[in-house]
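This briefing is meant to be read with the sequence and the model side by side. It takes up charged pairs and then the nonpolar interior.

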Amino acid sequence: MTTAQTRARRRDIPGTVIFDGDLARIGYALNRMCYSFNAAQCRAAFLQDEEAYMTRYRLSETQKAAVRSREVLRMMAAGGHPYYLAKLAGIFGLDMQDIGAQQTGMSKQAFQAKLVAAGA
């Protein structure tokens, strides 16, 4: 199998966004913005005026729409890295179970029940 065929196979995982070099380049502005949330004053500035904050970091319209939607998978498709998006999700009051529920298309309660059943 050639390198190109291997890459193509790795990208073909239904329902999964593969964060690779291309997506890293696309998502640079979004990830840079999310990194800024390490500082409390940046989190406060974002919450005060999300649009101005996104513009300050030069997010694309696709990235801005993804952030406005509060849908983590949409932000990942716009180039967001899961590690950095966790910082943004925290600002929105989302925890890892909320994110897992979004990724599986389940309600949070159903996702929690699935986790409990898997641990039984």
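How many salt bridges does the structure hold? The structure, which is a predicted model, holds 6 salt bridges, and three of them are described below together with the nonpolar core.

**Salt bridges that involve helix H5**

- The side chains of Glu50 and Arg70 meet in a salt bridge, with a distance of 2.7 Å from N to O. Because Glu50 belongs to helix H5 while Arg70 sits in the loop between H6 and H7, this pair ties together parts that lie 20 residues apart in sequence.
- The two partners are not equally accessible: Glu50 is buried, at a relative accessible area of 18%, which falls under the 20% cut-off, whereas Arg70 is partly exposed, at 28%.
- A salt bridge also joins the side chains of Glu51 and Arg68, at 2.6 Å from N to O. Here Glu51 is in helix H5 and Arg68 in helix H6, so the pair ties together parts that are 17 residues apart in sequence.
- Arg68 is partly exposed, with a relative accessible area of 39%, and Glu51 is likewise partly exposed, with a value of 33%.

**Salt bridges around Lys108**

- Lys108 and Asp95 form a salt bridge in which the closest N and O atoms are 3.0 Å apart. The pair links distant parts of the chain, since Lys108 is in helix H10 (residues 108-119) and Asp95 is in the loop between H8 and helix H9 (96-104), 13 residues apart.
- Salt bridges with shared partners join Asp95, Asp98 and Lys108 into one network.
- Lys108 is partly exposed, with a relative accessible area of 25%, and Asp95 is partly exposed as well, with 34%.

**The largest nonpolar core**

- The largest nonpolar core has 23 residues, and the members that touch the most other members are Met33, Phe37, Phe46, Leu59, Val67 and Leu88.
- At least two residues of this core come from each of helix H3 (28-36), helix H4 (40-48), helix H5 (50-56), helix H6 (61-69), helix H7 (72-77) and helix H8 (82-91).
- Leaving aside residues up to four places away in sequence, Leu88 touches Met33, Cys34, Phe37, Phe46, Val67 and Met75.
- As general background, nonpolar side chains in soluble globular proteins tend to be buried together.

Terms used:
Residues numbered from 1 in each chain as written. Predicted model: local features only at pLDDT ≥ 70, side-chain atom pairs only at ≥ 80, totals over all residues. Heavy atoms only, no water. Core = buried A, V, L, I, M, F, W, Y, C linked by side-chain atoms within 4.5 Å. Buried < 20%, exposed > 50% of the residue type's maximum accessible area, 1.4 Å probe, protein only. Helix = DSSP H or I, 4+ residues; strand = E, 2+ residues; numbered from the N terminus. Contact = heavy atoms within 4.5 Å. Salt bridge = Lys/Arg side-chain N within 4 Å of Asp/Glu carboxyl O.
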